[in-house]
Amino acid sequence: MSATDAGDQPPQSAPATRRWLFADQLGPHFLDAADQPALLLESTSVFTRRRFHRRKAHLVLSALRHRAAELGDQARYVRAATYREALAQGGVTSAASTEAPVSVVDPTSYGARRLVRRLQAQGHVQVLGSRGYAIAEAQFEHWAAGRGAEPGQRRLLMEDFYRDVRRHHRLLLDADGGPEGGRWNFDEDNREPAPKRAGTLQVAAGVPEPWWPTEDDVDAQVREDLDRLVRDEGVEFVGDDGPRRFAVTRAEALAVLEDFLAHRLEAFGTYEDAMLRGDRWMAHSLLSVPLNLGVVHPVEVARRAEQAYREDGVRLASVEGFVRQVVGWREYVWQLYWHLGEEFRDRNALGHTEPLPAWFADLDARGEVGAACLSDVLGQLREEGWVHHIPRLMVLGGYALQRGWSPQELRDWFHTSFVDGYDWVMTANVIGMSQHADGGVVATKPYWSGGAYIDRMSDYCGGCRYDPKKRLGEDACPFTAGYWAFTARHEELLASNRRTARAVTGLHRLPDADAVVAQERERGPAAP
Ligand SMILES: Cc1cc2nc3c(=O)[nH]c(=O)nc-3n(C[C@H](O)[C@H](O)[C@H](O)COP(=O)(O)OP(=O)(O)OC[C@H]3O[C@@H](n4cnc5c(N)ncnc54)[C@H](O)[C@@H]3O)c2cc1C
Ligand code: SF4
């Protein structure tokens, strides 16, 4: 990677053009000058088409309106029923031919890019290269060239990509340009099992609660508007309302970041993958929302984490683990969305077609779900619109994979049910990593595991009516039994992969494999 990075790019248009800002382009780096005129469009018609988590609807509208308030007279803020009407009222499609077109930074979904390309072809807008990511898409293409999955070629490994991003931005490097601490990867020192006896990270490691934003009049007004949409326009949301947990303004995002660096980052790596029933936030940063809204830049976040290591002595393994998430995984997921193409989001390599059952789709499993892990994770998602990456991957995604649920239904569910859900995050995370529906492009093997993994990484199993060691009978753990049922269903595929063949050998050694498969077939879509 040699070209300048997206964060370093010079202005690409005259600052005098009015900048149309999408709802995930709300930071200062989406303007070319501090006083550039801006245009923000609000349309709630999307809420009539898809059922979003109420907290997500609140966050997005709150973020847009807070940005408009910050910009004051500089911003034109248009509210309309549909986006098409908002574009006309905002002067994008209705401007006189003598007026300069508005400019817009390339948006973050295929659908939105089609819209701005069409408007560009009609002479209404000038489209600029995307911003808010560690490298430009053209740089990724350059990097990926020659690394295809063909024999003899190197795969698009996240680890290789991540190291190049660090070299490119000179992040966590030593004086000779090598990795700080002599290693690129500190995973071995991170990802410890859950401290079960402690119950919370406050007890285990002195990690305090995260910093919370204080709601203001803008939030209250959004809440009233959402109530009105439900009352008067029949809009349906899922999930509970509640005090806003996530940062939507730059000032709030910087406050969360500084609090995280000072009080939580030290424990981040150690407990990155652990789950505790009594501690939903663990030592996670809660930065995905402001990062995805564009109010902070990922390289800026990674640099501040590096500074916390160099100046404040925060544990290197934790800092590396966090930097890996922000400019490694996040960036890789973003780049793959464009690199792999739009059809990737519709892949279904395992041929899974079962619909999502209502108890899962509605996030309303109260009383219905006896499996302690699933019940707690779904409950947390209903209350907060957020759970951290292991419940997403190993509990929610893992259960869906074992049961053969449609990856496309699951993709849409993740997109709308999570406060940080966006289309670009779905391809690699849900279609690829979680459901293996891409046939192995993102991960070389499916991530499916039994109750033993959840037992090691959480304190759920002790209080569960099921037993993680049992695969057959009344108290058989649905994850453990589901593991074998999945192995049996995809036996041929798993046997042909060096990394999964052992599971098939294990299946053949089970004296009761047929009975386990029949038991899980019988369970069907019912809540476990
Ligand atoms: C099945 C599945 C679905 C996911 N869906 C989303 C989603 O819709 N939106 C989303 O932002 N993240 C998603 N993630 C990634 C990750 O779970 C969340 O970014 C993270 O839990 C957010 O909490 P945090 O900010 O406290 O993250 P931390 O654990 O503190 O991590 C720091 C940051 O790293 C970034 N990050 C780390 N891993 C990923 C990743 N795989 N993809 C994208 N960003 C990453 C996020 O910006 C996050 O804020 C998903 C992961 C899985 C396995
Ligand atoms: S026993 Fe199984 S269902 Fe119960 S909490 Fe453990 S993994 Fe989840």
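In which loop is L172 found? I opened the notebook with this residue, keeping in mind that the model is a predicted one, and I placed L172 in the loop between α6 (158–169) and α7 (201–205).

**Entry 1: two residues with positive phi**

I looked up the backbone of L172 and noted a positive phi of about 50 degrees, although the residue is not a glycine. I then checked its accessibility and found a relative accessible area of 0%, so L172 is buried.

I made the same kind of note for M282, which has a positive phi of about 45 degrees and is likewise not a glycine. M282 lies in the loop between α10 (265–268) and α11 (288–293), and because its relative accessibility is 2%, under the 20% limit, I entered M282 as buried.

**Entry 2: the chain as a whole**

I next stepped back to the protein chain, for which I recorded 23 helices and five strands. Along its principal axes the C-alpha trace spans about 80 × 65 × 50 Å. For 528 residues a compact globule would have a radius of gyration near 24 Å, and because the protein chain has 24 Å, I wrote that the value agrees with that expectation.

I also noted that 58% of the 528 residues are buried. Of the contacts with a separation of 6 or more, 74% are between residues 24 or more positions apart.

**Entry 3: R324**

Which helix holds R324? I found R324 in α13, residues 316–340, and with a relative accessibility of 3%, this charged residue counts as buried because the limit is 20%.

I then asked what its side chain reaches, and I listed a polar contact of 2.7 Å between the side chains of R324 and E159, together with an approach of the R324 side chain to the backbone oxygen of W184 at 3.3 Å. Leaving aside residues up to four places away in sequence, I have R324 touching M158, E159, Y162, W184, N185, D187 and W329, so that both polar partners, E159 and W184, appear again in the list of contacts.

**Entry 4: D420**

Is D420 buried or exposed? I looked it up in the loop between α17 (407–417) and α18, and its relative accessible area of 7% means that D420 is buried.

The side chains of D420 and S288 are joined by a polar contact of 2.7 Å. Not counting residues up to four places away in sequence, D420 touches S288, V289, N292, W386, R392 and V425; I noted that S288 is the residue at which α11 (288–293) begins, and that V425 falls within α18 (423–434).

**Entry 5: the second largest pocket**

I finished with the second largest pocket, whose volume I entered as about 1100 Å³. Of the 35 residues that line this pocket, F22, V46, R49, S109 and A112 are the closest to its centre. The elements giving two or more residues to the lining are β2 (38–43), α1 (46–49), α2 (54–71), α3 (83–89), α4 (110–121) and α18 (423–434).

Which element gives the largest share of the lining? I found that it is α4, with five residues. When I sorted the lining by class, I counted 17 nonpolar, eight polar and ten charged residues.

Note on methods
Residues are numbered from 1 along each chain as its sequence is written. Chains are lettered from A and ligands numbered from 1 in the order in which they are written. This is a predicted model: local features need pLDDT of at least 70, side-chain atom pairs count only at pLDDT 80 or more; totals for chains, interfaces and linings use all residues. Side-chain values use heavy atoms; hydrogens and water are left out. On a 1 Å grid over the protein atoms alone, a cavity is a set of points where a 1.4 Å probe fits but cannot get out, and a pocket is an open set with protein on both sides within 12 Å along at least five of seven lines; lining residues have an atom within 4 Å of a point. Grid points are joined across faces, edges and corners, and a volume is the space filled by probe spheres set on the points. Helices (H or I, at least four residues) and strands (E, at least two) are DSSP runs, numbered from the N terminus. Buried means under 20% relative accessible area, exposed over 50%, partly exposed in between (1.4 Å probe, protein chains only). A polar contact is a pair of N or O atoms within 3.5 Å; within protein, one must be able to donate a hydrogen and the other to accept it, and residues adjacent in sequence count only if both atoms are side-chain atoms. Contact means heavy atoms within 4.5 Å. The radius of gyration is taken over C-alpha atoms; the globule rule is 2.2 Å times the number of residues to the power 0.38.
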